[in-house]
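Colleague: Before the model is put to use, I should like to go through its architecture step by step. Please show the sequence and the structure.

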Amino acid sequence: MVTPTKPRKDFTLPASARIKSKKVMDRLFEKGTGLWQSPFRMVFTTIPYNEEQPVRVGVSAPKRKMKKAVDRNRMKRLMREAFRLNKQPILDYCRQHQVGLAILFISQCNTLVSFRKTEDKIIILLRRLTTENAPTAKLTDDRNDQVL
RNA sequence: AAAGCAAACCGUCUUGUCGCUUCGGGAAACCGGGGAGGAAAGUCCGGGCAACAUAGAGCGCCACACUUCUUAACGAGAAGGCAGCCGCGAAGAAAUUUUCGGUUGACAGAAAGUGCCGCAGAGAACUAUACCGUCUCGAGUGAAAACUCGCGAUAAGGGUGAAAACGUGAGGUAAGAGCUCACGGAUCUGUCCGGUGACGGCAGAUCGGGUAAACCUUGUGGGUUGAAAGGCCAAAUAGGUUGGGGAUUAGGGCUGCUCGUCCGAUUUACGGUGCUUAGGUAUCGUAAGGCCCCAAUGGGUAGGCCGACUCAGGUGUUACGCGAGUAACAUCGCAGAUAAAUGACAGGAGUCCCGCUUGCGGGAACACAGAACCCGGCUUAUAGGUUUGCUUUCUUU
RNA sequence: GUACCCGUAGUUCAAUUGGAUAGAAUGGCAGAUUCCGGUUCUGUUGGUUGGGGGUUCGAAUCCCUUCGGGUGCA
């Protein structure tokens, strides 16, 4: 009875699951770890664990690369949509390891990318996040540092 | 019917699944309604709104500049005037003027003053240093025509230039010249006429090149800063203030901590006493300060709320006005985000392109472009389509 | 959001406040020198003064508009 409701719920992406705080944003740019996959860059860092929303996400499209505001808006929407549909593995991982994560996707392309390509790249990035850079070990140290 | 020009408008639609944001309902799960543009853009102007400033006047700076009107306001708009250009004509000997249509105009003042006008040219500016010429007079040569020289007159002609001192014609003259006359142009003036007015007509006087997107003059307007303005609530930590309590050799360094060790060792006011002529100094007491703990409180950071979406609002009808627009009535509620929503996928329809079996198949595309406090304009970008008006061509009646 | 600045040969800069053909260095090309290359010398090439419009007799310069790039404040 619990399992059918849970995946349905997890396709949502409310405002509480997005990065809203300036402090988290500064921490991302100062201490965050970066991953590069063709036209996209992913930056992530650890944050205190929250049972409701373990993962917070943000998207960005720099004005230097894309001139038109229409294209920038569309690129951000595509990235957000791709994360929304494929965020289940990363959520499970965080709940399993009691980790909080803040992830920022940055588009580095200067022309529009189709949704299929965007989705593929984002999936690859999330898989690499959980396999290559397991953030569990780092997490505890960082948290202790922050507390102290 | 086609093409061109101008103006106005539209500027993909629809179904399902999964999402975002906001409003309403609900205890919750969830349900229902709304959700980018004509330019949201550029930020070129003008306002609303807010904070601060502000006796009055002048100078300076910036902006604007035919008239009247519209408007909350404008550098915007409407109507008109005048001027330039283009086209078809008309009048006249010519200069020039003019009907109609289209189009453009940053369109106050150069007759207040200053500056500038390269090269060329004799000369580039209140009164012109006369280059080639033209002409009178004088002298010389010569039979004469004419030529040479000299003193003068002359802006008609040539030449230079973007521009040469009103234009054309006639008279006049030694030759000329607004010197005079006719027509025309421009500027100024007017107890004149028409018009709200710009201006037009008429009469008189005058004839003074251009440049104010050179300085300037005149008139009008402008306080400054912009929603990241401004206002409200306010966690944790540190420090401020107030009150209470405690300690009074405080406090600090070395060390991960204790022990230990080292540095350092009493500020101010009042009162008593001792010393001192006095200033002062020593000591005691009281109070304040300094140290620790607790409580309260103001400012204020992160963060949140208001500002901020019902207003110079849209649509329709009627009335007024040539028009921009105004008024009355009816009706509608039509984005409100803030690391920033308005999306993704799948199917169908429409448009365009290609192929041929002429109604099928295939492929690609569907413009310009994304609100950020809100309005009124301007400018720029824009595939395709619709409507209206005008012009030209063809066909039919 | 707001206030402002700058666009000139391929490149780096000039152009006496409006005056005639927009100039210099470097670069490119050709020639000379050299066995060859470099250096040097000579000649030559190269401009929509970011685009469009206006004022003026005349615009790189003045004015309007537009495009691109950059800076300050917060």
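The exchange below concerns a predicted model.

Colleague: What pattern does chain A follow along the sequence?

Modeller: The inventory of chain A is six helices and four strands. Taken in sequence order, these elements give the pattern α-α-β-β-β-α-α-β-α-α.

Colleague: In what order do the four strands stand in the open sheet?

Modeller: The order can be assembled from the pairs. Strands β1 and β2 are joined by five bridges and run antiparallel, while eight bridges connect β2 with β4, again antiparallel. Six bridges link β3 to β4 (residues 100-107), and that pair is parallel. The pairing is therefore mixed, by the definition of a pair as at least two bridges, and the open sheet has the order β1-β2-β4-β3.

Colleague: Which are the edge strands?

Modeller: An edge strand pairs on one side only. In the order β1-β2-β4-β3, this description applies to β1 (33-37) and β3 (55-60).

Colleague: Which residue in β4 is the bridge partner of Ser 60?

Modeller: Ser 60 belongs to the span 55-60 of β3, and β3 runs parallel to β4. On the other side of the sheet's inner pair, Arg 41 also stands opposite a residue of β4, namely Ile 106. The bridge partner of Ser 60 in β4 is likewise Ile 106.

Colleague: Which residue takes a positive phi in the hairpin of β1 and β2?

Modeller: The strands of this hairpin run antiparallel, and Leu 35 has Met 42 in β2 as its bridge partner. Two residues lie between the strands, and the positive phi, near 40 degrees, is taken by Ser 38.

Colleague: How many of the eight residues of β2 are buried?

Modeller: A residue is buried if 20 or more other C-beta atoms lie within 10 Å of its own. For chain A, buried residues make up 24% of the 148 residues. Strand β2 is largely enclosed by the rest of the structure, because the number of its residues that are buried is six.

Colleague: At what angle to β2 does helix α2 run?

Modeller: Helix α2 (residues 22-31) lies across β2 (40-47), β3 and β4. The direction of α2 relative to β2 is about 115 degrees.

Colleague: Is α3 parallel or oblique to α5?

Modeller: The axes of α3 (residues 69-85) and α5 (residues 115-131) come within 9 Å and cross at roughly 55 degrees. Angles under 35 degrees count as roughly parallel, and 65 to 115 as roughly perpendicular. The crossing angle therefore makes the relation of α3 to α5 oblique.

Colleague: How many of the residues in the contact of α3 with α5 are nonpolar?

Modeller: The helices pass each other in a right-handed crossing. From α3 come Leu 78, Met 79, Ala 82 and Phe 83, which meet Phe 115, Thr 118, Glu 119 and Ile 122 of α5. One of these residues is polar and one is charged, and the nonpolar ones number six.

Colleague: Is Gln 98 buried or exposed?

Modeller: Gln 98 is in the loop between α4 (88-97) and β4. Although Gln 98 is not a glycine, its phi is positive, at about 55 degrees. A residue counts as exposed if 12 or fewer other C-beta atoms lie within 10 Å. Gln 98 has 12 such atoms, and is therefore exposed.

Methods
Residues numbered from 1 in each chain as written. Chains lettered and ligands numbered in written order. Predicted model: local features only at pLDDT ≥ 70, side-chain atom pairs only at ≥ 80, totals over all residues. Axes fitted to C-alpha atoms, helices over the stretch in contact; angles between N-to-C directions. Parallel < 35°, antiparallel > 145°, perpendicular 65-115°, else oblique. Left-handed = near helix turned anticlockwise from the far one by under 90°. Contact = placed C-beta atoms within 7 Å. Nonpolar A, V, L, I, M, F, W, Y, C, P; charged D, E, K, R; others polar.
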